[in-house]
Amino acid sequence: VKADGSGVAPVPFTVEVQPFALPATASLPTSFGISLYSIARGHGLSPEAGEAGARLRAYGRALLEHRLSAHGMSMSAPPVRFEEGRAVVDFRAYEEEMGPFLDGSLLPSGARFTTAEVRDSRQCSTEKEKVAYYRAFAEHFRRKGWSAQLFFYAKDEPKPEDFPLVRAQSARVRAAGGIPVLVTAPLDEALRGTADILTPTLNCFFPRPGPETCRNVQPLSKLRSKLPAGTRVWWYQSCNSHGCTGGPAEDSAVERAYSGWASYMVDHPAPLNRAMGPLAFLSGVEGELYFDTVYAYNTKDPWKDVFEFGGNGDGTLFYPGTSARLGTKKHQPVVSLRLKHIRDGLEDYEYLHLLARLGDEESARAFTPRLARSGYEIQQNIETWEQVRQTLTAHLRKRWESSEYAKRPGVRP
């Protein structure tokens with residue numbers, strides 16, 4: 001163990017190496033929010049300072065190390081000018097910031113972000129300029145060969161008065177071509193046809209006895225049947241599933257309706273933090289969004305309080321590791337145990353996904369209900385989770401050794 005580059009103590013350990021490998025880049029697309037401005041505030045830095053940029057990269061790296069991709073980051077749109085209707089975009093600063101996350105050069109494993117959002121530019125003043133700018137963004141991604149799914153994040157959680165804006169955003173982005181539009185809303189006739197990636201909250205997928213906590217609950221199979229062909233479905237967590245009031249509801253039926261869901265809150269059992277990965281495999285959902293990972297940096301001292309939106313830790317998965325707090329020479333992100341649990345759940349997804357790819361989807365499907373039967377029926381005995389992981393490992397080892405991959409040294413599926 002080292003601290004500030006110096007040895008502190010040796011810690012002996014043993015490792016059992018399996019013949020198979022999980023992919024370095026996550027198989028399940030994710031997009032978790034992070035912000036240079038929040039990080040700068042939490043660390044007492046100016047957003048314009050080089051140190052703030054270095055801290056942003058450290059936070060982004062920590063997310064990537066935990067199999068997560070980020071949106072937001074510096075939030076700086078690349079400069080653009082227009083020549084005869086064509087957008088000429090200067091991507092140099094964007095590439096310096098995002099390139100290592102998108103080309104696999106940041107980590108020794110070669111892991112890459114699975115997603116990236118289009119950054120809207122205030123330099124675009126007309127519809128034609130906006131379309132040209134979006135088109136240039138998509139073309140740049142293609143030229144660079146970046147495999148991350150580029151998407152446009154429409155107005156977040158739109159209310160009825162926002163629907164015209166979402167329809168306008170969707171129309172202009174589609175006019176540019178090649179960029180899916182993500183809409184955070186349950187199925188709604190008024191928004192029909194606007195989303196290429198429809199993203200309701202978790203509790204909109206699982207019917208449950210008692211008061212409904214989503215205005216349009218649709219199991220994924222039913223939801224897909226009502227969407228245009230090719231529409232992808234992601235999901236996200238919010239206080240719609242853990243409760244937005246910050247305390248027990250007066251009505252016990254309402255309290256039950258908000259209990260037991262997969263959750264990233266501090267004071268919920270660890271298996272609830274871990275459950276989203278297996279639930280994604282169980283349901284067939286194609287990606288996960290989360291609005292922020294450093295939200296409390298904007299409003300309070302996260303070391304003392306991370307309570308936001310009725311939840312203890314909603315939107316905050318890091319703590320600001322300042323020199324004064326840690327007693328170290330450099331600032332660094334301090335990763336929450338919840339982020340570790342989220343990574344474990346994403347690895348659970350990889351185990352299940354790999355077993356299915358190796359031809360044993362039936363076993364993978366049989367394992368999943370032992371961990372989670374629905375978004376609110378989650379196994380809370382952590383020993384069971386570890387037993388399932390061990391059994392999954394044994395199944396994967398047998399499948400791998402009998403597969404074509406075992407006959408080709410160095411080849412991974």
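A crossing of two helices is called left-handed if the near helix is turned anticlockwise from the far one by less than a right angle. That is how α12 passes α14 in this predicted model.

**A helix pair**

Let's start with the two helices themselves. Helix α12 covers residues 337–357, helix α14 covers residues 382–401, and their axes come within 10 Å while crossing at roughly 35°. If you would like to find the contact on screen, the α12 side is made by D344, E347, D348, Y351, L352, L354 and L355. Facing these residues in α14 are W385, R389, L392, T393, H395, L396 and R399. Sorted by class, the contact between α12 and α14 has seven nonpolar, five charged and two polar residues.

**Two glutamates with positive phi**

Now for a pair of loop residues. Neither E84 nor E157 is a glycine, yet each has a positive phi. The table puts their values side by side.

| Residue | Phi | Loop | Relative accessibility |
|---|---|---|---|
| E84 | near 50° | between β5 (80–83) and β6 (86–89) | 88% |
| E157 | about 45° | between β8 (149–153) and α5 (163–176) | 37% |

How do these numbers translate into burial classes? E84 counts as exposed because its relative accessibility of 88% is over the 50% cut-off. E157, with a relative accessible area of 37%, is partly exposed, because that class lies between 20% and 50%.

Notes
Residues are numbered from 1 along each chain as its sequence is written. This is a predicted model: local features need pLDDT of at least 70, side-chain atom pairs count only at pLDDT 80 or more; totals for chains, interfaces and linings use all residues. Side-chain values use heavy atoms; hydrogens and water are left out. Axes are lines fitted to C-alpha atoms, for helices over the stretch in contact, and angles run from 0 to 180 degrees between N-to-C directions. Helices (H or I, at least four residues) and strands (E, at least two) are DSSP runs, numbered from the N terminus. Contact means heavy atoms within 4.5 Å. Ala, Val, Leu, Ile, Met, Phe, Trp, Tyr, Cys and Pro count as nonpolar, Asp, Glu, Lys and Arg as charged, and the others, Gly among them, as polar. Buried means under 20% relative accessible area, exposed over 50%, partly exposed in between (1.4 Å probe, protein chains only).
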